Amino acid sequence: MDYGAKLDAEIEARRDDLIALTQDLIRIPTLNPPGDCYLEICEYLRDRLAAKGFDVQLVRAEGAIGDSDKYPRWNVVARREGAHSGECVHFNSHTDVVEVGRDWTYDPFGGELDDGKIYGRGACDMKGGLATSIIAAEVFVDLFSEFSGAVEISGTADEESGGYGGVAYLAEKGFFAPERVQHVIIPEPLNKDRICLGHRGVWWAELETFGEIAHGSMPFLGDCAVRHMGAVVHEMEQSLFPALAEKRTDMPVVPEGAKQSTLNINSIHGGMEEPEADYTGYPSACVPDSCRMVLDRRFLIEEDIKDVQAEIQSVLDKVKAERDTFRYDLREMHRVLPTMTEKDAPVVTTVAEAIQDIIGAPAEYVVSPGTYDQKHIDRIGKLKNCIAYGPGILDLAHKPDEYIGVEDMVDSAKVMARSLVKILLGHDEITVGEPKI
Ligand SMILES: [Zn+2]
């Protein structure tokens, strides 16, 4: 039997294990925020992988954003060395899930299997992907214990809130250093036939306009900060939004609408604070002296961050030219540069070949409209040979009745296991004996 058929048969044989593992992971409610049950899920993964011969470390991101004694940010990194030295393939999954929200018909933490789908918060984003990579790695090390190099699996905190207590922390501590890890696959739910090469950039900023408080019956004695902000929004509608719609990228971003530059006005708050829910009185009559807007700008690999900032500055300059008392403060909150792995990078070509083998069609290359933990692996870890590849339908992420299809997980596990063979055994012409399990 050739190695591919052997791998596929072994993965099929572990279908029940894959289902049970996914269900177990869903049943640990790792909600973020606030960051519940990170230690519990890391200990679960440690026990499982240590029993398979992995060296396992639990790493708390002490001092990172979000870490506290009440909600410690725990991460798990498991490494299995081969019989000979060589390269390391690392599968990184985040263990956190977003809030449940309304309109569920399944128990969000029940992990119910119904008609070939496993339901629950995080089923698709991304505990199904985590379970898939574990089964692929376990089958690989069981069948090919003589392999060269190493296989690593990590379960990391806080991806849904920026990844600072997770992958960013591990990257700062050298876990993604080039001498330690050479290939990274992040099993986010991008569909089993797609390779995600990277993501657009992000620039978040807070703009505050200032006015002067006065009695609301005599607004001419004050200066309304909300009207100033209105002028900013108007100028954005006139010049900025049309200009952004003109900027197109060569990055294969999905969905189609995200192939251009985008700007979301995340929030605007002007004037006095919203009253408490139990307050029954009316507001007092005041001219607002402050108005704040949060901007969420997503930009393309063809754009420079300096130009992104200059465009907003130009809007403010135009408003200033027309309004004598216009005063403002612009503050950057957060930035992530766009990243895209080259199509001829080794991890890309390997997974593409494996997709062709298993799915029987060429891989589709995509770029994510939003960011994920690849940003930290690229910027802090300096590792470019990184992709997102995993089972599941991206559109289901964060929605009610989120699920992962068992068949998709099985197919993806086959792709991942073949990728391990291609990288860590170096060629396709391997025959294997009986698994040493
Ligand atoms: Zn995710």
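Buried means under 20% relative accessible area, exposed means over 50%, and partly exposed lies in between (1.4 Å probe, protein chains only). Accessible areas come from the Shrake-Rupley method with a 1.4 Å probe, and for residues only the protein chains shown count as cover.

This is a predicted model: local features need pLDDT of at least 70, side-chain atom pairs count only at pLDDT 80 or more, and totals for chains, interfaces and linings use all residues. Residues are numbered from 1 along each chain as its sequence is written, and side-chain values use heavy atoms, with hydrogens and water left out.

**Exercise 1. Salt bridges across the chain**

Find the salt-bridge partner of R14, then say where both residues sit and whether each is buried or exposed.

Solution.
- Step 1: start with the rule. A salt bridge is a side-chain nitrogen of Lys or Arg within 4 Å of a carboxyl oxygen of Asp or Glu. Side chains of opposite charge can pair when their charged atoms come close.
- Step 2: find the partner. R14 meets D142, with N and O 3.0 Å apart.
- Step 3: place the two residues. Helices (H or I, at least four residues) and strands (E, at least two) are DSSP runs, numbered from the N terminus. R14 is in the loop between α1 (3–13) and α2 (15–26), and D142 is in helix α4 (residues 123–143). The two are 128 residues apart, so the pair links distant parts of the chain.- Step 4: check the cover. R14 is buried at 9% relative accessible area. D142 is buried as well, at 8%.

**Exercise 2. Two further bridges**

Work out which elements are tied together by the E364 bridge and by the E235 bridge.

Solution.
- Step 1: take E364. Its partner is R194, and the closest N and O atoms are 3.9 Å apart.
- Step 2: locate this pair. E364 lies in strand β14 (residues 364–368) and R194 in strand β8 (residues 194–199), so parts 170 residues apart in sequence are tied together.
- Step 3: compare the cover. E364 is partly exposed at 38%, whereas R194 is buried at 13%.
- Step 4: take E235. Its partner is K318, with the closest N and O atoms 3.6 Å apart.
- Step 5: locate this pair. E235 lies in helix α6 (residues 225–246) and K318 in helix α7 (residues 305–322), so the bridge ties parts that are 83 residues apart in sequence.
- Step 6: check the cover again. E235 is buried at 11%, and K318 is partly exposed at 35%.
- Step 7: look for shared partners. D8, E353, D357, R418 and K422 are joined into one network this way. The whole structure holds 35 salt bridges.

**Exercise 3. Cysteines**

How many disulfides are there? Test C42 and C196.

Solution.
- Step 1: a disulfide is a covalent bond between the sulfur atoms of two cysteines. The test is a pair of cysteine sulfur atoms within 2.5 Å.
- Step 2: the count by this rule is zero.
- Step 3: test C42. The closest cysteine sulfur is in C37, 11 Å away, which is too far for a bond. C42 is buried, at 0% relative accessible area.
- Step 4: test C196. The nearest cysteine sulfur belongs to C386 and is 9.4 Å away, and C196 is in no disulfide. C196 is buried too, at 0%.

**Exercise 4. Surface patches**

Which residues gather in the negative patch, and which form the nonpolar one?

Solution.
- Step 1: set the rule. Patch residues have over 30% relative accessible area and no salt bridge; like charges are joined within 9 Å, and nonpolar side chains (Val, Leu, Ile, Met, Phe, Trp, Tyr) within 5 Å.
- Step 2: assign charges. Lys and Arg count as positive and Asp and Glu as negative, while His and the chain ends are not counted. The place of a charge is NZ of Lys, CZ of Arg, CG of Asp or CD of Glu.
- Step 3: name the negative patch. It consists of D107, E112, D114 and D115. Among them, E112 lies in the loop between β3 (84–94) and β4 (113–114). E112 is partly exposed, at 40%.
- Step 4: name the nonpolar patch. M218, F220 and L221 form it, with about 340 Å² of accessible area together. L221 sits in the loop between β9 (201–210) and α6. L221 is exposed, at 52%.

**Exercise 5. Backbone angles**

Where are D158 and H398, and what is phi in each?

Solution.
- Step 1: D158 has phi near 70°, a positive value in a residue other than glycine. D158 is in the loop between β6 (148–156) and α5 (167–172), and it is buried at 2%.
- Step 2: H398 also has a positive phi, near 70°. H398 is in the loop between β15 (386–388) and β16 (403–405), and it is partly exposed at 40%.
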